[in-house]
Amino acid sequence: MAKLQMQRLYICALRRDRRAILETLQRLEVVEIRDFNDEDAYLTSVPESEEDILLSERVKQNVGMIESAVEVLKESANGNIGEPFFLAGRKIKSDAEQQNYLVSKYEKDIELARLINSHNDNIREKKSQIAHIYVTLESLKPWMNLDVPLNFAGTKNTKFICGTLPESLTKNQIEEIVNNALLNQEVPLDLPFEVQVVSSIDVLTYFALICLKKNEDKMTEVLRTCGFVPPIVDGDKLPTEIEKELLQKLEEANKSIEESKEFINSKVANIEDLRFLHDFEVLRLDRFAVVPKLVNASKVFVLKGYVPMKYMNKLTNILTSKFPMDIQIQNVDDNDTDAPVLLKNNAYSSPLESVIESYSLPSTEDVDPTIAVSLFYYFMFGLMLSDAGYGLVITLATLFGLVKFRDNLEPGIKKTLKMYLFCGISTIFWGVMFGSYFGDIVDIVSQKFFGTTVSIQPLWFFPVKEPMRLLTFSLIVGIIHLFAGMFLKGVTLAKKGDYKAVFSEVILWYGLLIGCILLLVSTEMLRNVFKYDFLLPNMLITFANYLALISAIGIILTNGTAENFGVKIAQGLYALYGISGYLSDVLSYSRLLALGLATGVIASVINMLAGILVDSSGKVLGGILFIIVIIGGHIFNLGINALGAYVHTNRLQYVEFFGKFYEGGGEKFNPLKMNTKYFKFKESIKNV
């Protein structure tokens with residue numbers, strides 16, 4: 001098929017039904033709700049009520065809170081709970097289960113999520129508190145012999161000062177340092193003081209000093225010149241009492257952490273409930289997100305959207321059977337650049353829709369290239385990988401996924417598996433044509449373990465032995481691919497009614513390229529390079545000369561757009577220069593040869609290395625090593641070359657093929673849908 005025809009939908013319904021209507025549209029997943037544009041300026045909305053705004057904000061906060069709670073439970077499970085396996089898909093829930101959830105378990109699970117986060121916050125807070133306690137205890141340890149509080153101020157006439165001085169000092173050394181500092185003042189001082197060393201380590205001395213209160217400021221200033229630093233900790237209690245209190249707090253904090261951990265661990269089994277709650281709230285949040293796009297009056301609201309034409313009748317029947325409303329439908333023509341794009345193709349081509357989307361969806365003027373791409377994509381992927389063993393591995397792996405998980409596979413994953421299934425089948429085909437089965441594994445095994453050499457002959461030829469033959473074939477494939485792109489360009493131009501461009505940009509280029517190809521094929525140089533010996537009839541060569549010449553003249557005369565004849569001819573000559581681009585494009589297809597050879601050569605090298613181990617270690621130990629090298633080496637070779645085949649096949653589509661006709665720029669159809677992560681709710685429209 002191609003791009004689905006879109007229709008524009010307008011709905012006017014009662015505001016009291018807005019929530020139910022949006023829920024219905026979300027389950028149906030066929031309506032993309034859009035903002036009203038300037039043409040609808042006569043429609044004005046009334047502001048949302050404060051209650052609705054607060055509810056929207058609450059739901060948004062709930063989503064974040066629930067996500068956090070789920071992560072907490074996963075961490076608490078120590079790796080025993082992970083994300084759902086991507087092939088298993090989401091668990092299916094009925095619409096009734098979703099609707100009943102709000103009544104039965106919603107508030108309970110919201111409170112559960114809040115409590116889990118609260119306990120997790122408590123754990124973080126207590127751990128931070130414990131770290132601070134340990135730091136305080138460590139800082140308090142040198143002061144344990146002090147028999148007064150650290151913040152003791154002194155008596156009525158004395159000042160008590162405690163702190164540290166650099167280095168390990170005795171009482172006499174401190175007194176000497178302080179006295180020297182007093183004498184070295186601008187005006188020498190003689191201040192009475194008493195020093196007590198509380199403790200000392202290699203780099204610090206913890207001491208207490210008593211001086212007269214009237215000398216406090218001068219003594220403090222003098223001490224600072226000696227490197228004095230006040231204690232980091234203080235308090236109105238003895239250090240021993242402070243330590244006792246800190247140890248009590250430490251015990252309480254650890255107990256609180258254990259209680260919170262115990263609570264969280266006891267709720268690990270409820271993770272599925274929270275995941276359901278997460279999806280439930282996400283659905284509500286998505287509905288709130290489209291409300292600003294509506295025109296909301298006090299009693300009614302108006303909705304604008306796009307719907308694929310094939311679903312329109314089902315949609316209107318469902319809506320009008322449930323709600324009183326007025327529905328207006330407008331057809332969307334090809335010139336409506338605002339319309340979204342939804343691709344719909346057959347089972348063979350649809351897996352490649354994601355490849356098209358990765359580049360860009362077709363614009364309103366483009367044809368859907370998916371079918372054309374599918375005709376070449378699998379073909380080229382298989383030609384690049386070209387090993388029947390690797391193709392069999394890919395085919396069996398994808399078949400297993402498609403069959404084993406067929407009931408729950410997500411649409412995107414299913415398409416990807418189908419794409420690689422067809423790629424695997426193509427790889428088997430080209431492997432058989434080229435006689436490659438995990439490289440030359442049959443030859444090596446039969447030679448090393450059975451004393452005789454058995455080879456599986458190719459149905460066509462060995463590329464390693466005849467690389468020029470494969471190069472010739474690759475370039476022919478490239479020419480056909482480019483010609484197909486030119487044909488689609490002609491279809492696109494004809495669709496727009498620009499038949500002059502069809503003639504000047506497609507037909508004349510076909511003539512020039514076909515003529516040049518025939519002339520090149522007739523040259524002795526190409527016969528020597530590509531090793532073929534047939535000769536073209538002179539009549540065909542003469543025809544090719546005239547065809548190329550007439551086409552070239554036609555391109556020069558018709559590809560200019562300027563009114564001035566000289567400038568127009570110059571533009572035509574520049575257009576003719578584009579033939580060099582076709583030459584480089586054709587040469588790009590030599591990568592089909594390069595990657596095809598790389599796969600086989602690397603596989604053969606792996607087999608050769610494994611065979612050498614058998615020769616050097618004997619059949620028993622060598623056989624074990626042989627298996628290890630073969631499995632590891634071929635897994636690596638399959639991975640690296642399958643990736644290369646995927647990348648370069650995409651490149652040939654995106655650059656060489658799309659460059660001939662495709663513009664892209666279409667906007668993907670993005671309906672209001674059940675955008676859930678863990679659970680899948682049944683869509684009603686499929687049963688209508």
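This note sets out points on a three-stranded sheet, a helix pair and a pocket in a predicted model.

1. Basis. The model is predicted, so local features need pLDDT of at least 70 and side-chain atom pairs count only at pLDDT 80 or more, while totals for chains, interfaces and linings use all residues. Residues are numbered from 1 along each chain as its sequence is written, and side-chain values use heavy atoms, with hydrogens and water left out.

2. Sheet order. An open sheet of 3 strands runs in the order β5-β7-β6, with antiparallel pairing; strands (E, at least two residues) and helices (H or I, at least four) are DSSP runs numbered from the N terminus, and two strands pair if DSSP finds at least two bridges between them. The edge strands, each pairing on one side only, are β5 (158-166) and β6 (193-200). From one strand to the next the twist averages 20°.

3. Strand pairing. Strand β7 (residues 204-212) is joined to β6 by 7 antiparallel bridges, and a hairpin of 3 residues links β6 to β7. Among the bridge partners in β7, Glu194 has Ile210, Val195 has Leu209 and Gln196 has Ala208. On the β5 side, the antiparallel pairing with β7 extends over 9 bridges; here Cys162 has Ala208 as its partner.

4. Helices on the sheet. Helix α5 (residues 171-183) packs on the sheet and touches β5, β6 and β7, its direction making about 135° with that of β6. Helix α6 (residues 216-225) also packs on the sheet and touches β5, β6 and β7, at about 160° to the direction of β7. Angles run from 0 to 180 degrees between N-to-C directions, and axes are lines fitted to C-alpha atoms, for helices over the stretch in contact.

5. Helix pair. Helix α14 (residues 441-450) and helix α21 (residues 591-617) pack at an angle of about 5°, with their axes 10 Å apart. The two are therefore roughly parallel to each other (angles under 35 degrees). The contact (heavy atoms within 4.5 Å) is made by Ile441, Ile444, Lys448 and Phe449 of α14 and by Asn607, Gly611, Val614 and Asp615 of α21. These residues divide into 4 nonpolar, 2 polar and 2 charged; Ala, Val, Leu, Ile, Met, Phe, Trp, Tyr, Cys and Pro count as nonpolar, Asp, Glu, Lys and Arg as charged, and the others, Gly among them, as polar.

6. Pocket. The second largest pocket has a volume of about 700 Å³, the space filled by probe spheres set on the grid points. A pocket is an open set of points, on a 1 Å grid over the protein atoms alone, where a 1.4 Å probe fits, with protein on both sides within 12 Å along at least five of seven lines; lining residues have an atom within 4 Å of a point. Of its 22 lining residues, Ile479, Ile517, Leu520, Leu526 and Val586 lie nearest the centre. Elements giving two or more residues are α15 (467-495), α16 (499-521), α17 (524-530) and α20 (579-588), with α15 giving the most, 8 residues. By class, the lining has 21 nonpolar, 1 polar and no charged residues.

Notes:
Parallel < 35°, antiparallel > 145°, perpendicular 65-115°, else oblique.
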